[in-house]
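Me: I am new to this one and would like to go through it step by step. Could you take my questions as they come?
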Amino acid sequence: MNADNAHPALLVDPAQRIFKVARRNFVDHEIYQAEKEKIFDRSWLYLGHSSELPKPGDYITRAVAGRSILFTRDAKGRLRALMNTCPHRGAQVCRERKGNAKSFQCFYHGWVFSADGKLRGQPGEESYPEDFKSRETSNMRAVPRYESYRDFNFVSFDPNIVPLEQYLGNAKEYLDVICDQTDAGMSIVAGSQEYSIRANWKLLTENSIDGYHAMTTHASYFDILMNSTDNMSAGTGGGFGYDLGNGHAVLEYSAPWGRPVAQWIPGWGEAGKTEIARQYDKLIQLYGKDRADRIALKNRNLFIFPNLVVNDIMALTVRTYFPMAPDYMVINAWALAPNDETAWARKYRLNNFLEFLGPGGFATPDDAEALEHCQRGFKNSKEAMWNDISKGMGKDKPSHNDELQMRAFWTQWNRQMFPTPIPSIKGVAA
């Protein structure tokens, strides 16, 4: 892998309002290998939501950046993130995806660990030193760094990474807006969506914060909205994109679809109108009208570098995606909802989640098809070398359908991939 003046990863010329990305960044195997070390091993990565482990003994096993992680709530109610590897001979300790257990037994030699990862017993204890169980090296190893914010739990494999709240920076404001939909807390709805796309992972990053593609790629969905007054609110579209620093970015905008918190559409009927009004009034009581309007009537596509997307649109989705190869990624998505949501609101939230955001919905198959076509197009990357993401460059306040958000991601990606500045020449990113 190299990135020099002859083979730059980016081409940037602010004076000419040019921002281009080399297509080899999406196909080069050496770049993919370097990303695992320089991006995924040195960032905070989403692990799960606290609500997924409500009781002591609850656990989930989850793959994060190629590692098997055991996410548990121990007997004292404390959340733990453990490397799912036996300290004895390296076998995976927990082989189930989720459940509740007081302890975990490695099936290879029978070592038993409590939910906090401590060794509790092993066959043939008399053959080990008396203090063997009290040695730290006998326990399952904790993930190097584990922290949470507003019940969003993150891990990092870099022991020297900055604290999570510092890393999140300005993105915290938008997580707060999302989590403030209720004062009763938020929970992941049972179940998940898991699927794959034969495309480079960075294409999904771009797609997730790209307001520019919506009207063309998702034309079928918008045709249905526009041709049925029942599915549209009285609100108008439009909004802005923001670079939040550290590679994070967000779109915040108005849209015509219904929001369970709390934008009514005629298709929801009078019962829905009453429910939405109740929710909206409660938001005003909690936060005042300005913040209530922002929570209820604005949509957000929030991206947290490098691979977490929280879509607060017609439903609320938490999504991660990890590369398996330069041209293949695996995606996991969950629905998030207020704990005090009524059965009516939950019904329409999940309908929206499946209708637009699910693997069989209006949006996700369109997006997957578009990204896979891009990946096929990148086979010509030696001759057709550059992607252009310059739309809105130079604007004082870029629109939500400009490309500032993607430039924020790529600037941080370049910074982590190539921390030693490249000698500058005109048109080449330093």
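**Questions and replies**

Me: Where does Asp151 lie?
Reply: This is a predicted model. Asp151 lies in the loop between S11 and S12.

Me: And what is the sign of its phi, positive or negative?
Reply: Asp151 has a positive phi of about 75°, although it is not a glycine.

Me: Is Asp151 buried or partly exposed?
Reply: Asp151 is partly exposed, because its relative accessible area is 37%, and buried would require under 20%.

Me: How many bridges join the two strands around that loop, S11 and S12?
Reply: Five bridges join S11 (residues 145-149) to S12 (residues 152-156), and the two strands run antiparallel. Tyr149 has Phe152 in S12 as its bridge partner. The strands form a hairpin with two residues between them, and Arg150 in the turn has a positive phi of about 50°.

Me: Let us go to the start of the chain. Which strand does S1 pair with?
Reply: S1 is joined by four bridges to S2 (residues 18-22), and the pair runs antiparallel. Within this pair, Val12 stands opposite Phe19 in S2. S1 and S2 form a hairpin with four residues between them. Arg17, in the turn, has a positive phi of about 55°.

Me: Which way do the residues of S1 point?
Reply: Leu10 and Val12 point one way from S1 (residues 10-13), while Leu11 and Asp13 point the other way. All of them are buried.

Me: What comes after S2? Where is Phe26 found?
Reply: Phe26 is found in the loop between S2 and helix H1 (29-38). Phe26 counts as buried because its relative accessible area is 0%.

Me: What is Phe26 in contact with, leaving aside neighbours within four places in sequence?
Reply: The contacts of Phe26 include Val21, Lys202, Leu203, Glu206, Phe378 and Trp410.

Me: Trp410 is on that list. What does Trp410 contact, again without neighbours within four places in sequence?
Reply: Trp410 is in contact with Leu10, Phe19, Val21, Asn25, Phe26, Lys202, Glu206 and Ile389. Leu10 belongs to S1.

Me: How many residues are in the largest nonpolar core?
Reply: The largest nonpolar core has 77 residues. Those that touch the most other members are Val64, Phe152, Phe157, Leu302, Met329, Trp410 and Trp413. Helix H11 (residues 404-417) gives the largest share of this core, six residues. The core also draws at least three residues from each of domain 1 (48-156) and domain 2 (181-417).

Me: What about a second core?
Reply: A second, separate core has 16 residues, including Cys94, Cys106, Trp111 and Ala115.

Me: You mentioned two domains. How many Å separate their centres?
Reply: The centres of domain 1 and domain 2, taken over C-alpha atoms, are separated by 34 Å. As for contacts, 10 residues of domain 1 are in contact with 10 residues of domain 2.

Me: Lys202 and Glu206 came up earlier. Is H4 largely enclosed, and why?
Reply: Eight of the eight residues of H4 are buried, so this helix is largely enclosed by the rest of the structure. Lys202 and Glu206 are among these buried residues, as are Trp201 and Ser208.

Me: Next topic: how many cavities of 30 Å³ or more are there?
Reply: The count comes to two cavities of 30 Å³ or more. The largest cavity holds about 50 Å³ of space. Its lining consists of Tyr195, Ile197, Leu204, Asn207, Arg319, Thr364, Asp367 and Ala368. H10 gives the most to this lining, with three residues.

Me: And how much space lies in the largest pocket?
Reply: About 710 Å³ of space lies in the largest pocket. It is lined by 30 residues, and Ile60, Arg62, Arg97, Glu194 and Trp334 lie nearest its centre. S4 supplies the largest share of the lining, seven residues.

Me: One last topic: which peptide bonds are cis?
Reply: The bond from Val261 to Ala262 is cis, with omega near -15°. Ala262 lies in the loop between strand S16 (248-254) and helix H7 (269-287). A cis peptide bond also joins Phe305 and Pro306, with omega about 5°. Pro306 is placed in the loop between strand S17 (299-304) and strand S18 (308-312).

Note on methods:
Residues numbered from 1 in each chain as written. Predicted model: local features only at pLDDT ≥ 70, side-chain atom pairs only at ≥ 80, totals over all residues. Heavy atoms only, no water. Buried < 20%, exposed > 50% of the residue type's maximum accessible area, 1.4 Å probe, protein only. Pairing = 2+ DSSP bridges. Core = buried A, V, L, I, M, F, W, Y, C linked by side-chain atoms within 4.5 Å. Domains from an automatic or database assignment. Contact = heavy atoms within 4.5 Å. 1 Å grid on protein atoms, 1.4 Å probe; cavity = no way out; pocket = protein on both sides within 12 Å on 5 of 7 lines; lining within 4 Å. Points joined across faces, edges and corners; volume = space filled by probe spheres on them.
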